[in-house]
Amino acid sequence: QNASGTGFIVSKDGYVLTNNHVVEGMDRLVVHLTDRREFKARLIGRDPQTDVAVIKIEGTNLPALTLGDDAGTRVGEWVVAVGNPLGLDFTVTAGIVSAKGRGSREVPLGGGAASITDFIQTDAAINPGNSGGPLLDLFGKAVGINTAVSREGQLIGFAIPINIVKSVIDSVQKNGRIVRTWLGVRYVLLNE
């Protein structure tokens, strides 16, 4: 069984970002670049909770996309979604940031596993196959990863904010897995 999605190179030595649901269950990964080069890829780490995956291709001096800062992204700002929708290669669509801070209960993900509470909503066309592609600001910096589209077909797409993604990348590169901090709290009623 084959599946396809989109990703983008974030380092000249071949680290690639995509969605977890794009690589989940795959036993072989192949990356096709816009210049028609093809690379075998290996999974470095994935995080179902944020729907982010990091894969690696072997190469040097690869064209890497600059990661931006989604904190400065504002509602009404123009963005561009890049991907491979519906099996069509290398498509670009434009729109605006429609809203920020959309919770996962509002966002219809395929498996419903992601627990992000801060999706970026856009009206830039995001279709099946765009998953894992970058959402770019007008300076060409990635401010999100395209991850979901409204099931109702109302031209509403959602992207994972890049600042969340940065923490996933750091954890995967340092630890080979996602490491999260947990705080255990237990309460006891005190009698007066």
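Here are legends for a handful of close-up views of this predicted model.

**View 1. The whole chain: two helices and eleven strands.**
Start with the overview before zooming in. Going along the sequence, the elements come in the pattern β-β-α-β-β-β-β-β-β-β-β-β-α. The protein has 192 residues, and 44% of them count as buried. Long-range packing shows up in the contacts too: among those with a separation of 6 or more, 61% are between residues 24 or more positions apart.

**View 2. The S1–S2 hairpin, with five residues between its strands.**
Here S1 (8–9) and S2 (residues 15–19) run antiparallel and are held by two bridges. Look for Phe8, which sits opposite Leu17 in S2. In the turn, Gly14 has a positive phi of about 105°.

**View 3. S2, a strand largely enclosed by the rest of the structure.**
Five of the five residues of S2 are buried, so there's not much of this strand on show. Besides pairing with S1, S2 pairs with S5 (residues 52–57), again in the antiparallel sense, and this time over five bridges. Thr18 is a handy landmark here: its bridge partner in S5 is Ala53.

**View 4. Gly5, in the segment before strand S1.**
Is Gly5 buried, partly exposed or exposed? Gly5 is partly exposed, because its relative accessible area of 26% falls between the 20% and 50% cut-offs. Leaving out neighbours within four places in sequence, Gly5 is in contact with Val22, Asn84, Gly129 and Ser131. Asn130 belongs in this frame as well: its C-alpha atom is 6.0 Å from that of Gly5, although the two residues are 125 apart along the chain.

**View 5. The largest pocket, with about 1200 Å³ of space.**
Gly5 turns up again here, since Gly5, Gly7, Val31, His32 and Asn84 are the lining residues that lie nearest the pocket's centre. In total, 38 residues line this pocket. The elements giving two or more residues to the lining are S1, S2, helix H1 (20–23), strand S3 (29–32), strand S6 (78–83) and strand S9 (134–136). Which element gives the largest share? That's S3, with four residues. Sorted by class, the lining of the largest pocket comes to 19 nonpolar, 13 polar and six charged residues.

**View 6. A barrel closed by six strands.**
Follow the strands round in the order S6-S7-S8-S11-S10-S9, with antiparallel pairing. On average, neighbouring strands of this sheet are turned by 45° against each other, direction ignored. S6 and S9 also help line the largest pocket, so this view is worth setting beside the previous one.

**View 7. Where S7 meets S8 in the barrel.**
Zoom in on one of the barrel's seams. Strand S7 (residues 91–102) and strand S8 (residues 119–122) run antiparallel and are joined by four bridges. To find your way, pick out Ala99 and its bridge partner in S8, Gln121.

**View 8. Helix H2 lying across S10 and S11.**
The last close-up shows H2 (residues 162–175) across strand S10 (142–149) and strand S11 (157–161). How is the helix angled to S11? H2 runs at about 45° to S11. Both S10 and S11 are barrel strands, placed next to each other in the order of View 6.

Note on methods:
Residues are numbered from 1 along each chain as its sequence is written. This is a predicted model: local features need pLDDT of at least 70, side-chain atom pairs count only at pLDDT 80 or more; totals for chains, interfaces and linings use all residues. Side-chain values use heavy atoms; hydrogens and water are left out. Buried means under 20% relative accessible area, exposed over 50%, partly exposed in between (1.4 Å probe, protein chains only). Contact means heavy atoms within 4.5 Å. Two strands pair if DSSP finds at least two bridges between them. Axes are lines fitted to C-alpha atoms, for helices over the stretch in contact, and angles run from 0 to 180 degrees between N-to-C directions. On a 1 Å grid over the protein atoms alone, a cavity is a set of points where a 1.4 Å probe fits but cannot get out, and a pocket is an open set with protein on both sides within 12 Å along at least five of seven lines; lining residues have an atom within 4 Å of a point. Grid points are joined across faces, edges and corners, and a volume is the space filled by probe spheres set on the points. Ala, Val, Leu, Ile, Met, Phe, Trp, Tyr, Cys and Pro count as nonpolar, Asp, Glu, Lys and Arg as charged, and the others, Gly among them, as polar.
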